[in-house]
Amino acid sequence: MITLLRELVRDTRGGVGALSVLVCVLVLSGSAAAIDASSVYFHARALQGLADTAAVSAAGDLARPAQTATRVLEIKNPNASIGALEVGEYRPDPALSLADRFTPGASASNAVRVVLEEEVPLFFGQVLGIPSVRLRKSAVATRPAHEAAAFSIGSRLLSAEPALANALLSGLTGQEIALTAVGYDGLVRSSLELDALLADLGDSLGEADRTSLLGREISTRQLVDSLSRVTDGQTSVTLRSISVSLDQGQDRRLRLDSLIEVSPLVAGDLHARVPVWDIVLAALGDAANAETITLNADIAAPLTATVRLSIGEREQQSPWLTVESKDSIVVRTAQIRLHVDVATPDLAGLGRVRLPLYAEVASGEASLASIDCRNQTFAVTANSGVASLALGEISTSRLSDHSRTAVLSPAPILDTILLRVRGSARINVGSSGPTRLQFSKSEIQNLSPKTIGSGNLLASSLDSLTSSATLDIQALGLGVSLAGLPSRIRTALLSIASPLDDLLSSLLDLVGVGIGEADVRPAGLLCGSGAPPRLAA
């Protein structure tokens, strides 16, 4: 037996045949594995395409996403099933990872995530006890908003009186502006299409994507030039003259989204209109960055007045105008600080009386409350900013520093050789509280603003301020009170406060704020104009 085995070992005949059998087994096994792998890959690609189709279809019918997705499966692949279907909000924010951009169950739903599953049978895997492989693919599709409202805050159309407007524009541009009554009237009465403005800016800057365009930093002259191109007549002529002044004066820079913010949920044309004066003032005010502007304002003779004005940043860099489908964006007015120094001529028995008045208005704000496309209306919830009035002096550096509380020194009401009077007083005007404003179809079409708060607060506040002022009276350098003198001084202050009311109202109206007030202006309503659903992830 041992000899026979040795002979078999030494015998090499038939080795090629045995090796061939082994190679054939390996080739057949590899081919079987390749066939199964190819089948799984093909089904995975098909299932991903089906998930994409189901998600896009479901996003097109957010009222019945599950039924829509199921119908797609019934038509294209009955073997696939829905593993999960979630309705939520998709935010195309580059700062977020792809996984974090979809939030299921959000109140403002604009997207659908579909997860499909399918059992794929294996041809040769069954030999190894693996009869099938379960595939799972997902897709997210979004439907840009069908409904959106456009509105701004802090805008007022003023009567055609260019004196204060020229002074303000000159301060903001660093160059003398001399608008005629006709030119100023054209600015405050003209409006423009927001789509036309953004299209012109995109062409001039070589930026086709609206989101990227709104994130660009541009010069105020570039914006004013674009405004002049999308308007006509006297308005265009006036804007070109302002552009020339910017070129010769202070052409500052600003980000477009500090003025205009469009919700990422809104696609397609915006169909919004804005008054030309409002956007010019908002742009120049934002770019000025709280610089103090000195104005020589007209007041009832024989009184004289010097005005220092500082327009601060909007809280959290909020926009002036928004196009929004829900309440996530809040628009705010700029913070305003104002110091007015009014003086009388020499009054018999007193001398020259001064009334240094400080006014501060915090940001008013507004956000979208609801949209009713059936009746072509929308509602906004708004608050007026907290305001304060005070007697006192403030330095220019403190006036323009909105990061610090304004510190006032007593007001030098009277300062003669024989008599010195210092006064101080402060009155705070609280917010109006949340107020709901409903804009009708005609109000939206006519850009008709609505005001919250009381228009009588300024006059009554000035009277209260002067009546309640604490007076420090010194005669001949001694702290001696003279009989009847406080009453005479208060009477003089009240006589100044009355014409000052008109001046302050005009100044605050010019920059779009009010004491205890806030104006909200509709700009447009989008209904059924959203883009078709598209694949997001």
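Where is Gln376 found? I looked, and Gln376 is in the loop between strand 17 and strand 18. A note to self before going on: this is a predicted model.

**Entry: the loop with Gln376**

I checked the backbone of Gln376 and got a phi near 60 degrees, which is positive although the residue is not a glycine. I wrote the background rule beside that: most residues other than glycine have a negative phi. Then I asked how much of Gln376 shows. Its relative accessibility is 29% and the cut-off for buried is under 20%, so Gln376 goes down as partly exposed.

**Entry: the disulfide**

How many disulfides does a search of the whole structure find? I ran through the whole structure and have 1 in the book. Cys373 and Cys527 form this disulfide, and I noted 1.9 Å between their sulfur atoms. The torsion about their S-S bond comes out at about -90 degrees, so I logged the disulfide as left-handed.

Next I placed the two cysteines. Cys373 is in the loop between strand 17 (365–372) and strand 18 (377–383), while Cys527 is in strand 25. That makes it a link between distant parts of the chain, with 154 residues from one cysteine to the other. Gln376 belongs to the loop between strand 17 and strand 18 too, so I keep these pages together.

Buried or partly exposed? I looked up both ends. Cys373 has 18% relative accessibility and counts as buried. Cys527 has a relative accessible area of 27%, so I put it down as partly exposed.

**Entry: the sheet with strand 25**

Strand 25 sent me to its sheet. I found an open sheet of 5 strands with mixed pairing, in the order 9-13-5-25-23. Which strands stand at the edges? I have strand 9 (260–262) and strand 23 (450–452) there. Each of these has a single partner strand, so one side of each has no neighbour in the sheet. I also noted the twist, which averages 20 degrees from one strand to the next.

I then looked at how strand 23 is held to strand 25 (residues 518–527). The two run antiparallel and are joined by 3 bridges. Across from Ile452 I found Ala518, which belongs to strand 25.

**Entry: leading into strand 23**

I moved to the loop between helix 12 (441–445) and strand 23, where Leu447 has its place. Leu447 gave me another positive phi in a residue other than glycine, this time near 55 degrees. Its relative accessible area is 7%, so I marked Leu447 as buried.

A salt bridge turned up here as well. The side chains of Lys450 and Glu443 meet with 3.4 Å from N to O. Lys450 is partly exposed at 24% relative accessibility. Glu443 is partly exposed too, and I wrote 22% beside its name.

**Entry: other salt bridges**

How many salt bridges does the structure hold? My tally from the structure is 18. I followed up a few of them.

Glu86 and Arg113 meet through their side chains, at 2.8 Å from N to O. Glu86 sits in strand 1 (residues 81–90) and Arg113 in strand 3 (residues 111–121), 27 residues apart, so I filed the pair as one that links distant parts of the chain. Glu86 is partly exposed, with 29% relative accessible area. Arg113 is partly exposed with 24%.

I also came across a network: Glu117, Glu119, Arg134 and Arg136 are joined into one by salt bridges that share partners.

**Entry: helix 6 and helix 8**

The last salt bridge I chased was Asp200 with Arg229, whose side chains meet at 2.8 Å, N to O. Asp200 lies in helix 6 (residues 194–205) and Arg229 in helix 8 (residues 220–230), so the pair ties together parts 29 residues apart in sequence. Asp200 counts as buried at 17% relative accessibility, and Arg229 counts as partly exposed at 47%.

How do these helices sit against each other? I wrote down that their axes come within 9 Å and that helix 6 and helix 8 cross at roughly 125 degrees. I entered helix 6 and helix 8 as oblique to each other. For the hand of the crossing of helix 6 and helix 8, I have right-handed.

Definitions and conventions:
Residues are numbered from 1 along each chain as its sequence is written. This is a predicted model: local features need pLDDT of at least 70, side-chain atom pairs count only at pLDDT 80 or more; totals for chains, interfaces and linings use all residues. Side-chain values use heavy atoms; hydrogens and water are left out. Two strands pair if DSSP finds at least two bridges between them. Helices (H or I, at least four residues) and strands (E, at least two) are DSSP runs, numbered from the N terminus. Axes are lines fitted to C-alpha atoms, for helices over the stretch in contact, and angles run from 0 to 180 degrees between N-to-C directions. A salt bridge is a side-chain nitrogen of Lys or Arg within 4 Å of a carboxyl oxygen of Asp or Glu. Buried means under 20% relative accessible area, exposed over 50%, partly exposed in between (1.4 Å probe, protein chains only). A disulfide is a pair of cysteine sulfur atoms within 2.5 Å. Angles under 35 degrees count as roughly parallel, over 145 as roughly antiparallel, 65 to 115 as roughly perpendicular and the rest as oblique. A crossing is left-handed if the near helix is turned anticlockwise from the far one by less than a right angle, and right-handed if clockwise.
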